[in-house]
Amino acid sequence: MTPATPAAARPHQHSNSRHHSELRAVARHVGRRRFLTTTGAAAALAFSVHLPAAGAASAAELDAARIKEDPFTLGVASGDPLPDSVLLWTRLAPQPYQADGGLPAERITVRWEVAHDERFRRVVGRGTATAHPEFHHTVHVEVPGLDAGRAYFYRFRTGRWTSDTGRTRTAPAPGSRALALTFAAVSCQAYHDGYWTAYRHLAQEDVDVVFHLGDYLYEYAVNAVGGARNYKNHALPDHFNHETVTLEDYRLRYALYKTDPDLRAAHAAHPFVVTWDDHETENNYAGDVPENDVPPEEFLLRRAAAYRAYFENQPLRRPQRPDGSDMRLYRRLHWGRLAQFDILDTRQYRSDHAYGDGWQTPGPESEDPARTMTGATQERWLLDGWARSRARWNVVPQQVTFSQRRNATGDAYKVSMDSWDGYPASRERVLAGAEATGVENLMVLTGDVHVHYAFDIQRDFDDRSSSSSSRTVGTELVTTSISSGRDGSDKPANWDTYMAANPHLRFYNGRRGYVTVELGEDAARADFKTLPAVTTPGAAISTAASFVTEAGNPGLQPA
């Protein structure tokens, strides 16, 4: 994807020789062949951050009564709702901008509670969890034995401190007839590009779940005034003013992001289902190929650090726990018989970009049938899941634009090599699989591009004859960014060209915001929410456009 701001406006990204030398020192100890094995990647990560080796004695335990400052500075979160279980998250960090979070390298016991009511008079579950220093004192609690299809409240305690109260919910019972579901889609929150006012509004929305489609974190430097936030009353520490490379870098950057009060409010209000894109690691990486010309073992070490920090700081379940530079993030969730969600990872397994990335004329290199966006294993998992689906709506939360997006009318057009346009054979296999399995009511959710789009997914995007037989087979809803790209505009400079060059594009808006979707038995409604500004806080939210697509009759219609 394109950077969050133009190169000239991007925060200074100086090369930090200390960090790069650390990575190179580790890379020399672990050759590429060994690194590409699971054990080699784990060993390299352990070497770089001095984690205890397997079988080593556990860290000593800290008496939580000795914690003198509020350790819940990063809030609480929940995620991946199941019919009988929720995943709860927090991290202990009395001093979040310090590398150690203001805590010694000792384990800490944390108590958790789940209740029917916000005052915790009807507690339905409680227990303890350990915040390990090896995982930066993060806590992931999978709470079992809950009732299906209802809201719960939760909180954490340690010592004399109590966290904020969060609200979450379970999914409906398997196979049950859920009549309705409302969710939000969000993406792309560059801290240095503006305030996260959209999250403050989202926290007040009546939604069941939030899908974060990637770029939760940006690796770019954040200066003392927070970039476009232009803080006047405080200065950020200098260690944020360089690109994230090491595990410590990524952990500190998550701490910066999660101290934002608007993000904390959204996490406390709703369960999140998260997937990443590129910036959680590095701009436009593809599989094990970095953006820049660095040794592959050095990049994979960086990827391992980024993946570990991502897991530590997100409400993810145990199957998503990384193993070195590998992390299985794609997974499937259900909302009764109303919806099946197939959450994809289009970054970790993809082929390298054709024609050197960027916007290029499609040709034999990009159209090579061997190229893949998802990897063969994930692709087969997706199609097998569709074959077994009995859901009314089949929703695919993923990262980059799925529908064709030409940048000019006529034959002299280019397409993005980072999107599915750069992997057309992979897209064709997915569409053919949807057709073969008879999957109903396909809906693709997308982030990445910092604009709102609404697309009718065509079975053959290249069939543009006047007697075109290409048919609409689904809907793609692209959510704009939370802040990336700064304020934006309602009609970007290329608006007229894009609308003319892409007849299946039904809506295009360049402001910041998010999308909410109401799913019902008979139809789905999408509302594209926008803000007039993010470089100043407190902007109002409005609905720029609304569309409806009927079940069994794909295609977007104005609401």
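**Exercise 1.** Name elements that cover the buried residues of helix α8, and say which residues those are.

*Solution.* What covers the buried residues of α8 includes β12, β13 (339–343), β15 (393–397), α9 (424–437) and β17 (442–446), where contact means heavy atoms within 4.5 Å. The buried residues themselves (buried meaning under 20% relative accessible area, with a 1.4 Å probe and protein chains only) are Q378, E379, W381, L382, L383, G385 and W386. Helices (H or I, at least four residues) and strands (E, at least two) are DSSP runs, numbered from the N terminus.

The model is a predicted one, in which local features need pLDDT of at least 70 and side-chain atom pairs count only at pLDDT 80 or more, while totals for chains, interfaces and linings use all residues. Residues are numbered from 1 along each chain as its sequence is written, and side-chain values use heavy atoms, with hydrogens and water left out.

**Exercise 2.** Compare the expected span of α8 with the distance between its end C-alpha atoms.

*Solution.* The expected span is 1.5 Å times one less than the number of residues, so the 13 residues of α8 (residues 376–388) should span 18 Å, and the 19 Å between the end C-alpha atoms agrees with this.

**Exercise 3.** Locate P322 and decide whether this residue is buried or exposed.

*Solution.* P322 lies in the loop between α7 and β12 (331–335). Its relative accessible area is 18%, so P322 is buried. Leaving out residues up to four places away in sequence, P322 touches Y307, R308, F311 and M327. From E312, P322 is 10 residues away in sequence and 9.6 Å away in space, C-alpha to C-alpha.

Definitions and conventions. Buried < 20%, exposed > 50% of the residue type's maximum accessible area, 1.4 Å probe, protein only.
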